[in-house]
Amino acid sequence: QVQLVESGGGLVQAGGSLRLSCAASQTMFRFNTMRWYRQAPGKQRELVAGITVGGSTNYAGSVKGRFTISRDNPKNTVYLQMSNLKPEETAVYYCNTWPTEYWGQGTQVTVSS
């Protein structure tokens, strides 16, 4: 069983930045892709960004240019650097592995206007 532990969430003003971390209990080389999702109250969970073991990245259109996903394989950690945050991006952010899917418990990000 793989455990994913997210951290780095918190309260930030609109336009501010946060860096989320996701620490995996096992080597991330097992997983082709690591992803960040988010779920706002009353909304479906949505994919924010993903990164392959080779470092290829993809982003939701709404965050492209403002968010950066990265991975540190020796540390088994994935990061999501978020900048110019908007109030509508208030959500619980989750870390995920693919193709075998594991989920973390999530970290709350609240963006105040």
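**Exercise 1. Work out in which strand Thr107 is found, and whether Thr107 is buried or exposed.**

Solution. Start with the position in the chain: in this predicted model, Thr107 is found in strand S10. Next, take the relative accessible area, which is 10% for Thr107; since buried means under 20%, Thr107 is therefore buried. Then look at S10 as a whole, which has a covered face made of Thr107, Val109 and Val111, and an uncovered face made of Gln108, Thr110 and Ser112. Finally, list what surrounds the residue: leaving aside neighbours within four places in sequence, Thr107 is in contact with Glu6, Ser7, Gly8, Gly9, Leu20, Ala91, Val92 and Tyr93. For Gly9 there is a further detail, as the backbone nitrogen of Gly9 lies 3.1 Å from a polar atom of the side chain of Thr107.

**Exercise 2. Determine how S10 pairs with S2 and with S9, and place these strands in their sheet.**

Solution. Strands of a sheet pair through backbone hydrogen bonds, either parallel or antiparallel. Take S2 (residues 10-13) to begin with: four bridges join S2 to S10, and the two run parallel, with Gln13 standing opposite Ser112 in S10. Turn now to S9, which pairs with S10 in the antiparallel sense over three bridges, and here Val92 stands opposite Gln108 of S10. Val92 also appears in another pairing, being the bridge partner in S9 of Gln39, and S4 and S9 are joined by seven bridges and run antiparallel. Putting the strands in order gives S2-S10-S9-S4-S5-S6, an open sheet of six strands with mixed pairing. In this sheet S2 and S6 are the edge strands, each pairing on one side only, and the twist from one strand to the next averages 25°.

**Exercise 3. Find which cysteines the disulfide joins, and decide which hand the disulfide has.**

Solution. A disulfide is a covalent bond between the sulfur atoms of two cysteines. The structure holds one disulfide, and this one joins Cys22 to Cys95, with an S to S distance of 2.1 Å. Tracing the pair along the chain shows that distant parts are linked, because Cys22 belongs to strand S3 and Cys95 to strand S9, 73 residues apart. The torsion about the S-S bond of Cys22 and Cys95 is about -80°, so the disulfide is left-handed. As a last step, consider the surroundings: both Cys22 and Cys95 are buried.

**Exercise 4. Describe the largest nonpolar core, stating how many residues the core has and which element gives the most to it.**

Solution. In soluble globular proteins, nonpolar side chains tend to be buried together. Here the largest nonpolar core has 30 residues, and those with the most contacts inside it are Trp36, Leu80, Met82 and Tyr93. The elements that give two or more residues to this core are S3 (18-24), S4 (33-39), S5, S7 (67-72), S8 (77-82), S9 (91-98) and S10 (107-112). Of these, S3 gives the most, with four residues.

**Exercise 5. Locate Gly54, and decide whether Gly54 is buried or exposed.**

Solution. Gly54 is found in the loop between strand S5 (46-52) and strand S6 (57-59). The relative accessible area of Gly54 is 71%, and because the cut-off for exposed is over 50%, Gly54 is exposed. To relate this loop residue to another part of the chain, compare Gly54 with Asn32: the two are 22 residues apart in sequence, and their C-alpha to C-alpha separation in space is 8.3 Å.

Note on methods
Residues numbered from 1 in each chain as written. Predicted model: local features only at pLDDT ≥ 70, side-chain atom pairs only at ≥ 80, totals over all residues. Heavy atoms only, no water. Buried < 20%, exposed > 50% of the residue type's maximum accessible area, 1.4 Å probe, protein only. Core = buried A, V, L, I, M, F, W, Y, C linked by side-chain atoms within 4.5 Å. Disulfide = S-S within 2.5 Å. Polar contact = N/O pair within 3.5 Å; in protein donor to acceptor, adjacent residues only side chain to side chain. Contact = heavy atoms within 4.5 Å. Pairing = 2+ DSSP bridges. Axes fitted to C-alpha atoms, helices over the stretch in contact; angles between N-to-C directions.
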